[in-house]
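Let's take a walk through this one together, from the overall fold down to a couple of single residues. Have the viewer open and follow along.

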There are 2 protein chains.
Amino acid sequence: MKTPRKLLLLTDGYGDDHTAKTAINLIRYKPQEVVAVLDRRGAGRTSRELLGLGDVPVVASIADAPDANTLIIGIAPPGGKIPPPWRAIVLEAIRRGLSIVSGLHDLLVDDAEFVEAARQHGVELVDVRRNDEHDVANRKGIREGCLRIQTVGNDCSLGKMVTSVEVVEGLKQAGVDAKFVATGQTGILIEGDGIPIDRVISDFVNGAAEKLVLANQHHEVIVVEGQGSLFHPRYSCVTYGLLHGAIPDGLILCYEMGRKAVYNMPEFPLPPLAEARRFYELSANIMHPCTTIGIAVNTSKFPEEEALAECERVSEELGLPTCDVIRHGPGPLVEAVLELKRTLGK
Amino acid sequence: MKTPRKLLLLTDGYGDDHTAKTAINLIRYKPQEVVAVLDRRGAGRTSRELLGLGDVPVVASIADAPDANTLIIGIAPPGGKIPPPWRAIVLEAIRRGLSIVSGLHDLLVDDAEFVEAARQHGVELVDVRRNDEHDVANRKGIREGCLRIQTVGNDCSLGKMVTSVEVVEGLKQAGVDAKFVATGQTGILIEGDGIPIDRVISDFVNGAAEKLVLANQHHEVIVVEGQGSLFHPRYSCVTYGLLHGAIPDGLILCYEMGRKAVYNMPEFPLPPLAEARRFYELSANIMHPCTTIGIAVNTSKFPEEEALAECERVSEELGLPTCDVIRHGPGPLVEAVLELKRTLGK
């Protein structure tokens with residue numbers, strides 16, 4: 001990837017708050033690297049107007065972002081295939097000399113037309129999801145002095161990555177040597193390392209998660225970004241393997257206020273939070289003693305007063321610290337991590 | 001693959017009853033296709049002496065099995081990599097014009113030397129685990145008139161495939177239109193179709209399992225071969241996704257008599273059967289109403305009297321029909337499937 005990265009974020013046609021989550025979180029955590037958002041619907045506006053945050057200009061064409069050196073393709077529809085209208089945009093970006101970074105399952109490097117264009121114009125194609133993980137878990141060499149926290153959720157796309165990043169930032173501010181362990185394409189683009197766990201061959205998912213623990217356990221605390229949900233008809237495989245490979249000591253359970261059903265699958269109601277918590281704990285404890293230490297609520301669709309009431313209600317119901325890390329900061333969750341650290345003597 | 005297949009089964013150096021399970025089960029279910037077993041330790045003996053079943057000759061070299069047209073590479077150590085001593089054997093087989101069929105994760109077609117040799121000698125390289133599954137589960141078009149049974153286990157390598165095959169045979173003999181749905185390389189080699197679920201990209205495991213249901217639900221009953229175990233530090237990811245994608249109505253819980261710890265990981269004790277049953281049911285019921293209908297015990301390491309006592313004890317403890325399908329036939333499990341079929345009106 002070119003450094004310093006000067007990012008043009010492609011959201012064209014997919015700029016809602018879920019499918020544009022890569023763009024939203026790069027603006028949130030790497031604003032100094034983001035040059036513009038490419039989205040014809042929002043041209044002339046700012047990222048705050050289009051996506052709810054940041055002062056990044058939204059442009060209608062690549063020509064309108066002459067400083068960009070890298071085009072970022074974020075999340076697409078289920079399955080991660082490249083939307084057909086984006087082909088022309090990607091090819092134009094290549095012709096203009098931009099590197100292309102994609103988090104899709106459909107790999108750029110498997111696309112003969114992209115590969116040929118990139119060769120002609122001397123640009124790099126980076127597939128964040130590409131990996132060659134081929135090792136099983138062994139449960140050898142785990143440093144129990146490192147506290148392992150994992151974010152989990154009652155669904156996908158509701159804030160597990162953001163919660164992980166914010167809790168790690170809070171821990172660092174409290175003087176703790178903490179590390180955000182990325183397991184998805186957005187987290188990897190932000191943190192600069194990690195494994196795209198949902199594209200690992202299933203036999204090696206537990207092993208890849210264990211590898212992330214081994215690679216990062218020299219830190220005092222690691223916060224492993226969870227994926228999907230144990231209740232998701234599509235992605236529960238990923239969630240279970242990640243949970244069993246990362247062998248967390250503590251879980252932070254994430255949910256989105258107001259969401260009643262599985263994202264994009266309205267016929268599947270979400271389980272009650274208490275039930276989700278219980279099943280995550282049962283599942284995690286198969287491999288390692290583990291407890292839920294707090295709840296992270298995404299309240300972004302509700303006004304402040306209702307958000308606070310929700311946090312209070314849930315905190316009381318589950319007997320756990322509860323907050324919206326974006327709205328209120330991660331303080332209660334950071335404190336919960338520190339308390340678990342003291343309790344376990346880690 | 002050449003037809004009719006005339007199989008030479010490679011077990012050299014790995015001929016114990018777990019790692020040679022592909023060879024053992026091809027001898028069990030496709031004896032008419034097996035020409036010989038290639039294993040230098042057993043040369044001059046029969047497969048019954050080396051592997052416990054069948055009247056197949058064991059040979060020390062490929063030259064001693066001149067009728068063979070296909071070399072089968074079965075299971076290898078964890079991770080499925082090709083053992084280095086086998087390279088020379090594979091290359092010699094290619095030179096002698098045998099097709100090579102491999103169930104290993106390390107693909108034959110990714111090995112430049114094998115590919116070049118196969119090209120020179122005009123033989124086919126078949127990787128049973130190779131797949132291009134790229135679809136998520138959708139839970140659309142499921143025919144609820146088809147009864148879905150899945151075998152599960154408290155560990156890997158203990159008889160889930162054999163149980164599935166035997167129960168399907170028993171159902172057929174009872175006049176039911178039943179289908180064995182293979183999800184592993186041995187099952188696929190026996191049945192001739194299926195998906196090697198443990199090599200599917202994790203995001204698509206639930207989807208691949210669902211695809212197997214959709215492809216086979218025109219039968220009255222399908223019995224889906226389970227993989228791994230929800231309690232296995234290495235492979236639990238595969239098990240969970242398969243369970244959630246296949247949405248079984250009924251489970252047959254398999255275990256091996258006398259086994260106390262995870263296969264090849266003695267530091268991990270197996271959960272009590274009742275606990276395993278409870279957690280499988282909890283997990284399956286997240287997606288679809290499901291109950292355990294019977295227990296399949298692998299008693300192969302014990303004498304008849306002890307085996308019978310074990311079945312009686314477990315049947316009483318769990319209140320479920322219990323048998324060793326090889327030793328006693330699958331009768332009680334077949335009856336349990338038929339009873340569930342009646343109960344659900346399928």
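What radius of gyration would a compact globule of 346 residues have, and what does chain A have? Keep in mind as we go that this is a predicted model. For that many residues, the globule rule puts the value near 20 Å, and chain A has 20 Å, so the two agree. Measure along the principal axes instead, and the C-alpha trace of chain A spans about 55 × 50 × 45 Å.

What is chain A built from? Its secondary structure adds up to 12 helices and 14 strands. Of its 346 residues, 54% count as buried. If you look at the contacts in chain A with a sequence separation of 6 or more, 72% of them come from residues 24 or more positions apart.

Now bring in the second chain. The contact between the two takes 32 residues from chain B and 32 residues from chain A. On the chain B side, three helices each supply at least two residues: α7 (205-216), α8 (236-246) and α9 (273-285). The largest share there belongs to α8(B), with six residues. By class, the side of chain B that touches chain A divides into 17 nonpolar, nine polar and six charged residues.

Two of those chain B helices also pack on each other, so let's stay with them. Two packed helices are described by the angle between their axes and the distance between the axes. For α7(B) and α8(B), the angle is about 45 degrees and the axes are 7 Å apart. An angle of that kind is neither under 35 degrees nor within 65 to 115, which makes α7(B) oblique to α8(B). As for handedness, α7(B) passes α8(B) in a right-handed crossing. Among the residues that meet here are Val205(B), Ala209(B) and Leu212(B) from α7(B), and Val238(B), Leu242(B) and His244(B) from α8(B). Sorted by class, the residues of this contact come to eight nonpolar, five polar and one charged.

Flip over to chain A and look at the helix pair there. Helix α7 (residues 205-216) and helix α8 (residues 236-246) of chain A pack at about 45 degrees, with 7 Å between their axes. That angle makes α7(A) oblique to α8(A), and the crossing is right-handed. The residues making the contact include Asn206(A), Ala208(A), Glu210(A) and Val213(A) of α7(A), facing Gly241(A), Gly245(A) and Ala246(A) of α8(A). The class count for the contact of α7(A) with α8(A) is eight nonpolar, five polar and one charged.

Time to zoom in on single residues. Find Asn25(A), which sits in helix α1 (residues 21-29) of chain A. Is Asn25(A) buried, partly exposed or exposed? It has 19 other C-beta atoms within 10 Å, so Asn25(A) counts as partly exposed; a residue needs 20 or more to be buried. Leaving out residues up to four places away in sequence, Asn25(A) touches Met161(A), Val162(A), Thr186(A) and Ile190(A). Ala43(A) is 18 residues from Asn25(A) in sequence, and their C-alpha atoms are 20 Å apart in space.

Finish in chain B, in the segment before β1 (7-10), where you'll find Pro4(B). Pro4(B) counts as exposed because it has 10 C-beta neighbours inside 10 Å. Its C-alpha lies 8.9 Å from that of Asn69(B), although Pro4(B) and Asn69(B) are 65 residues apart in sequence.

Terms used
Residues numbered from 1 in each chain as written. Chains lettered and ligands numbered in written order. Predicted model: local features only at pLDDT ≥ 70, side-chain atom pairs only at ≥ 80, totals over all residues. Helix = DSSP H or I, 4+ residues; strand = E, 2+ residues; numbered from the N terminus. Rg over C-alpha atoms; globule rule 2.2 N^0.38 Å. Buried ≥ 20, exposed ≤ 12 C-beta atoms within 10 Å, placed from the backbone. Contact = placed C-beta atoms within 7 Å. Nonpolar A, V, L, I, M, F, W, Y, C, P; charged D, E, K, R; others polar. Axes fitted to C-alpha atoms, helices over the stretch in contact; angles between N-to-C directions. Parallel < 35°, antiparallel > 145°, perpendicular 65-115°, else oblique. Left-handed = near helix turned anticlockwise from the far one by under 90°.
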